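Hello,

Here is the structure we talked about handing over. Please open it alongside this email; my notes follow below.

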Amino acid sequence: MTDESSREDDVVDAVVETLCAAAPSIRAGLPGRRVYEEGTNPSGERQLEADTYADELLLKRLRPLDGVGEYASEERADVIDIGEGVSVALDPLDGSTNLKPNNVMGTLYSVYDEPLPTGGENLLAAGYILYGPVTTLVAARDGVVSEYILESGIKRPLREELTLPDDPAIFSFGGRVNHWFDEFEAFASETERTEGMKLRYGGSMIGDVNQILHYGGVFAYPAQTDAPSGKLRQQFEGFPIGYIIECAGGRSSDGEQSLLSGTPDGIHDRVPVYIGNDSLVESLEARLG
Ligand code: AFP
């Protein structure tokens, strides 16, 4: 290992520890922040007070870290220069519309060794903190995925070298059926009729993908007739989730190639997302042609 990569490893550790340490404050801040702000985020979606709270809190905690050069978030228009070193891209509260019905949501992170926006091949690490009945961290790095339980922001190992189960059990498809392309609809209906497969969709990508990671299966937020690039953000959602799933032995795709092969033109670009067990995503890709 070179000096530079060992230094980057230390910085990634510090970033992940900082996000974990902020988790209790984020959780504690949710009850009073369930109302909408006046404006929208750069993708034109309404922002809850909880979204901007989590974004500002995490920027404040990450800013003093040595070795972090850039901060970007789904909740702000521009990349922020905060020093010299790696770039951190966050979805501070992925699935925040789940606040109203009190469903799962979490913080999704990705760390790159290039300035943002940048391609998936420049990822150093990615993961998510999930605010479910308990708080967990799923962290991917160097081809390995580990799961931890967080208590008062401190990590305790739950599972090392997490891999997708061989027998897929869950499918989770976003978007509106009326707006799906025919090829995707054909795959969806074949999947629905496959013995042993059942539907679970909760509306937070990391919550839904976490089920795929634990039970096996396929998650998609597909290209749609009215949104050919889908809904999810490439830098903040597509790259980290593709990286985590590929590190766990699964497959990711934007419909044509691995999610990690893409390069965004802009920080808020969108991408269709298909991830899960290798065989399912391969057959989906074949259908999408
Ligand atoms: P919010 O953070 O605005 O709730 O959006 C969550 C998300 O980006 C992703 O986490 C979900 O998979 C997807 O959108 C849910 O979208 P639908 O509401 O269209 O199902």
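Strands S9 and S10 run antiparallel, with five bridges joining them. S9 covers residues 144-151, and S10 covers residues 154-159. Keep in mind that this is a predicted model. Across the pair, Ile-149 stands opposite Arg-156 in S10. The two strands form a hairpin with two residues between them. Ser-152 takes a positive phi there, near 50°.

Now the ligand. Where does the ligand sit? Look in the largest pocket. There are 14 residues around the ligand. Asp-94, Thr-97, Tyr-201, Met-205 and Tyr-221 come nearest. By class, the shell holds five nonpolar, five polar and four charged residues.

Three contacts are worth checking on screen. Each one goes to an oxygen atom of the ligand.

- Tyr-201: a polar side-chain atom lies 2.5 Å from a ligand oxygen.
- Tyr-221: a polar side-chain atom lies 2.6 Å from a ligand oxygen.
- Gly-95: a backbone N or O atom lies 2.9 Å from a ligand oxygen.

How much of the ligand does the protein bury? Taken alone, the ligand exposes 480 Å². The protein buries 82% of that.

To find your way around, begin at the hairpin of S9 and S10. Then go to the ligand in the largest pocket. Tyr-201 and Tyr-221 are good places to stop there, as both are among the residues that come nearest to the ligand.

Best wishes

Conventions:
Residues are numbered from 1 along each chain as its sequence is written. This is a predicted model: local features need pLDDT of at least 70, side-chain atom pairs count only at pLDDT 80 or more; totals for chains, interfaces and linings use all residues. Side-chain values use heavy atoms; hydrogens and water are left out. Two strands pair if DSSP finds at least two bridges between them. Helices (H or I, at least four residues) and strands (E, at least two) are DSSP runs, numbered from the N terminus. A residue is near a molecule or strand if one of its heavy atoms lies within 4 Å of it. A polar contact is a pair of N or O atoms within 3.5 Å; within protein, one must be able to donate a hydrogen and the other to accept it, and residues adjacent in sequence count only if both atoms are side-chain atoms. Accessible areas come from the Shrake-Rupley method with a 1.4 Å probe; for residues, only the protein chains shown count as cover. On a 1 Å grid over the protein atoms alone, a cavity is a set of points where a 1.4 Å probe fits but cannot get out, and a pocket is an open set with protein on both sides within 12 Å along at least five of seven lines; lining residues have an atom within 4 Å of a point. A molecule sits in a cavity or pocket if more than half of its atoms lie within 2 Å of its grid points. Ala, Val, Leu, Ile, Met, Phe, Trp, Tyr, Cys and Pro count as nonpolar, Asp, Glu, Lys and Arg as charged, and the others, Gly among them, as polar.
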